[in-house]
Amino acid sequence: CCYTELTIEALKKMRGSNVYQYIFLCAMFSLGVSQILPLDRSCEAQIRLGSYIGGCFDEVFHGFGNLSFTDGGFYSGEWRNGLRNGNGTMKFSPNNREGRKMYNGGWKKDLISGYGKMEWMDTNPYNVKEYVGYFDNNAEHGYGSTVWLNGVTFDSEWENGNAVSGTKCQKVDRRHYGGSIF
């Protein structure tokens, strides 16, 4: 869809950042983003953390970009002033201590913040499968729903990573759930 105005031959003739800017603008348009962040160029970089390809402004990651970490993690999403900011997806390193698998949702100043979904690996210290809800400063904060590996669900209100009220539901049979409120 993006290449209807620009042929493959024209792309081959472009040099460096023009191709990435065009692809970036097409991706943003196809995602329905209403505000295009200014770019002075796109960049590819090998950095201490891994390798990056995407938008840059004033020599920092800005706009849409992908960062492959040396530990096996991967982030794809929005950047502002060198920090993850906006919507993005983070695939965590398979060796992370918390057992996180993937996060898809909001970021603010490089921290998980806003609405999103966190998935955990089957072998994690919390026995959690997933959490869908609100985050602030890398912690559950606001309303969210947690599913444990054993199938128990927990709908609750969170403050700074701690559940403060909620309903715990456990599947009794194929159609019925039993639960408790605290």
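Visitor: Which element supplies the largest share of the lining of the largest pocket?
Guide: This is a predicted model, where local features need pLDDT of at least 70, side-chain atom pairs count only at 80 or more, and totals for chains, interfaces and linings use all residues. A pocket is an open set of 1 Å grid points over the protein atoms alone where a 1.4 Å probe fits, with protein on both sides within 12 Å along at least five of seven lines, and lining residues have an atom within 4 Å of a point. The biggest contribution, four residues, comes from E9.

Visitor: Which residues lie nearest the centre of that largest pocket?
Guide: Residues are numbered from 1 along each chain as written, and side-chain values use heavy atoms, without hydrogens or water. The lining has 14 residues, split into nine nonpolar, two polar and three charged. Nearest the pocket's centre are Trp120, Tyr126, Val128, Glu140 and Trp158.

Visitor: How many helices and strands does the protein chain have?
Guide: Helices (H or I, at least four residues) and strands (E, at least two) are DSSP runs. Going from the N terminus, the α elements come before the β ones. The tally is two helices and 12 strands.

Visitor: How much of the protein chain counts as buried?
Guide: Buried means under 20% relative accessible area with a 1.4 Å probe, protein chains only. Out of 182 residues, the buried share is 36%.

Visitor: Which residues does Met118 touch, leaving out those up to four places away in sequence?
Guide: Touching is a contact, with heavy atoms within 4.5 Å. With those sequence neighbours set aside, Met118 meets Phe92, Arg100, Met102, Tyr103, Ile112, Lys129, Glu130, Tyr131 and Phe135.

Definitions and conventions
Buried means under 20% relative accessible area, exposed over 50%, partly exposed in between (1.4 Å probe, protein chains only). Ala, Val, Leu, Ile, Met, Phe, Trp, Tyr, Cys and Pro count as nonpolar, Asp, Glu, Lys and Arg as charged, and the others, Gly among them, as polar.
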